[in-house]
Amino acid sequence: MISLVLSSWFLVVSGDNASWPHWRGPQANGHAPQADPPVEWDGDSGRNIRWKVPLRGKGSATPVVWKDRIFVVSAERTDREAKPEELPQARPGLMRMTNPPRHFYRFLVTCYDRATGQQRWQRVACEAVPHEGHHETHSYAGGSPATDGQHLFVSFGSFGIYCFDFEGDLLWEQQLGRLSTRRGWGEAVAVVHYRGNLLLNWDQEVDSALYCLDALTGTIRWKAERDEVTTWTTPLVTEFEGTTQVILNGTRRIRSHDLKDGRVIWSCGGMTVNAIPMAVRHRDSVILMSGYEGHQAVSIPLRSRGDLGTEGKVDWRYASGTSYVPSPIAVDGLLYFTAKNNNILTILEADTGTPVLTQHRLSGTRQFYSSPVYAGGRLYFTDRDGVTLVLKPGKEVAVLATNKLQDGVDASLVAVDRQWIVRGEKYLHCIQAD
């Protein structure tokens, strides 16, 4: 453990339109309240593509941005093959549908200049042989980093949690042990920073937990054990009536933990397996959903207490067309989401769960992993082929533009100032109107 940084720590909910400190933006809800990025672009002709640079390694984590710096994480397979004694031992008794690699991987953290796309620095956080494989559409760098404006917090899950300063110097690292994911499909432990706390969802097939680390030193403040299986979801931290709640989706239960000590404030059942979408706050409630092997959405009052089970008092439940990987987005009292990973849009009244629009096909798109973003008064949905559909918010679908990037996209788009920063499969792109 290295502990060298001394400074004050603060909550990042920034009004700065040049920052995107969390994978879902400055308000952790997919909104860019002061940004006004382009409506149209084209990767083939280069229209409104300010720059693009090739990416080293593979990853699907959303970049974070602070003013003139862009931070990207990735994992790169090396040519170094592990010796038999260097291969990690598999945890017995767990079903796996993937095979672990036999080569070392290099886990990379890269800082780019936002004006030019030039690399400012690159660091190797560690080199290791993964103990699991991953889903064919996944990678070993699926957890998005976070920043407080002075420091970069990076999670490679089983391969370590790291804190760097903005010049790339390592300030501390923390090892929380190996994760064993469902069917060996891989990890996606995103970092959430809140008032000097780092929250990390450690849900897996055994020994699930929610960790809270001291952002100053990386030491563990508390660990809340969870009766849960692999979720791949990111905590939402929100304040209500003097209590700060850390809300996590889950297959067995949605749970709200108290930020002070990790105790469960309330829980609610009813999700499907493989709970992934992040919670969205709407007024004095939170909305959560899952969409694998079934469909479930629920709006839960933040004043709830105890275990609500599957029949307890909630605002509403909805059981059709919910998302699997993408998180939903709420804009002007309406909740938008796509079915499973497909291009079928549903719009609900966020207060009541009443359907406004269902089974609407977003023509020109295919499958979504990226979560929708709201910027400049517009909704942006980006599919896995790099096609972005721009919609005018409202109860009817009004398409403003269809844009093609010529690069696969699984990460969410980042809106800063008048730009889009897009982490593609092969390139990092900056999109800005002339």
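This is a short tour of one strand, its sheet, and the empty spaces in a predicted model.

**Stop 1: Q174**

Select Q174. You are in strand 11, which covers residues 170–174. Is Q174 buried or exposed? Its relative accessibility is 11%, and the cut-off for buried is under 20%, so Q174 counts as buried.

Now add G218 to the selection. Show the side chain of Q174 and the backbone of G218. A polar atom of that side chain lies 2.8 Å from the backbone oxygen of G218.

**Stop 2: the sheet around strand 11**

Switch to a cartoon view. Strand 11 belongs to an open sheet of four strands. Follow the order 8-9-10-11; the pairing is antiparallel. Strand 8 (146–147) and strand 11 stand at the edges. Each has a single partner strand, so one side of each has no neighbour in the sheet.

Next, select residues 161–165, which make up strand 10. How many bridges join strand 10 to strand 11? There are four, and the two strands run antiparallel. Pick out C163, then look across to strand 11: W172 stands opposite.

**Stop 3: the largest cavity**

Leave the sheet and turn to enclosed space. Across the whole structure, a search finds seven cavities of 30 Å³ or more. The largest cavity holds about 90 Å³ of space.

To find the largest cavity, select its lining: S139, Y140, A141, G142, G143, S155, F156, G157, F159, E187, A188 and V189. Colour these residues by class. Six are nonpolar, five are polar and one is charged.

**Stop 4: the second largest cavity**

Keep E187, A188 and V189 selected; they also line the second largest cavity. Add the rest of this lining: L179, T181, G186, N201, D203, T230, T231 and W232. The volume here is about 70 Å³. Which classes make up this lining? Four residues are nonpolar, five are polar and two are charged.

**Stop 5: the largest pocket**

Finish at an open space. The largest pocket has a volume of about 690 Å³. Its lining counts 31 residues. Which of them are closest to the centre of the pocket? Select H138, A188, I276, V325 and Y369. You have met A188 before, in the lining of the largest cavity and in that of the second largest cavity.

Colour the pocket lining by class as well. It divides into 14 nonpolar, 15 polar and two charged residues.

Note on methods:
Residues numbered from 1 in each chain as written. Predicted model: local features only at pLDDT ≥ 70, side-chain atom pairs only at ≥ 80, totals over all residues. Heavy atoms only, no water. Buried < 20%, exposed > 50% of the residue type's maximum accessible area, 1.4 Å probe, protein only. Polar contact = N/O pair within 3.5 Å; in protein donor to acceptor, adjacent residues only side chain to side chain. Pairing = 2+ DSSP bridges. 1 Å grid on protein atoms, 1.4 Å probe; cavity = no way out; pocket = protein on both sides within 12 Å on 5 of 7 lines; lining within 4 Å. Points joined across faces, edges and corners; volume = space filled by probe spheres on them. Nonpolar A, V, L, I, M, F, W, Y, C, P; charged D, E, K, R; others polar.
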